[in-house]
Amino acid sequence: MSSTQRDVDHALTYPEPPASPLWHRHGAKARPLTPEQQRRNRELLDIAQRTTRPRSPRPTETLAEAS
């Protein structure tokens, strides 16, 4: 008797794990940001997007040469 594709798929599946209790927050909700905090966050984001971070220089010798 040959098995069908449906039988094979069903045999290879695993049961879905239960949801983690950490996925659900019960308790006080976070306070909304004040307009001043929102403005400050926008300014910091703008500065971070405009400035470039300095790249660290690459070593000139390889790890094999350093030993």
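Along the sequence, the protein follows the pattern α-α-α, with three helices and zero strands. The model is predicted, and its mean pLDDT is 76. Three salt bridges turn up in a search of the whole structure, and they are described below pair by pair.

**Confidence**

- Of the residues in the protein, 64% reach a pLDDT of 70 or more.
- Helix α2, which spans residues 35–50, has the highest mean pLDDT among the elements, at 95.
- Helix α1, covering residues 5–12, has the lowest mean pLDDT among them, at 59.

**Surface and burial**

- The protein has 67 residues, and buried residues make up 0% of them.
- About 7,900 Å² of the protein is exposed.
- Carbon and sulfur atoms supply 57% of that exposed area.

**Salt bridge E36 to R39**

- The side chains of E36 and R39 meet in a salt bridge, with an N to O distance of 2.4 Å.
- Both residues belong to helix α2, where E36 and R39 are three residues apart, about one turn of the helix.
- E36 has a relative accessible area of 47%, so it counts as partly exposed, between the 20% and 50% cut-offs.
- R39 is also partly exposed, with a relative accessible area of 35%.

**Salt bridge E43 to R39**

- R39 forms a salt bridge with E43 as well, and the closest N and O atoms of this pair are 2.3 Å apart.
- E43 and R39 are separated by about one helical turn because they lie four residues apart in helix α2.
- The relative accessibility of E43 is 32%, so this residue counts as partly exposed.

**Salt bridge R50 to D46**

- R50 and D46 are joined through their side chains in a salt bridge of 2.8 Å, N to O.
- Helix α2 holds both R50 and D46, which are four residues apart, about one turn of the helix.
- R50 counts as exposed because its relative accessibility is 64%, and the cut-off for exposed is over 50%.
- D46 has a relative accessibility of 33% and therefore counts as partly exposed.

**Network**

- E36, R39 and E43 are joined into one network by salt bridges that share partners.
- R39 is the shared partner, bridging to E36 and to E43.

Methods: Residues numbered from 1 in each chain as written. Predicted model: local features only at pLDDT ≥ 70, side-chain atom pairs only at ≥ 80, totals over all residues. Heavy atoms only, no water. Helix = DSSP H or I, 4+ residues; strand = E, 2+ residues; numbered from the N terminus. Buried < 20%, exposed > 50% of the residue type's maximum accessible area, 1.4 Å probe, protein only. Areas by Shrake-Rupley, 256 points an atom, 1.4 Å probe, with all protein chains shown as cover. pLDDT = per-residue confidence, 0-100. Salt bridge = Lys/Arg side-chain N within 4 Å of Asp/Glu carboxyl O.
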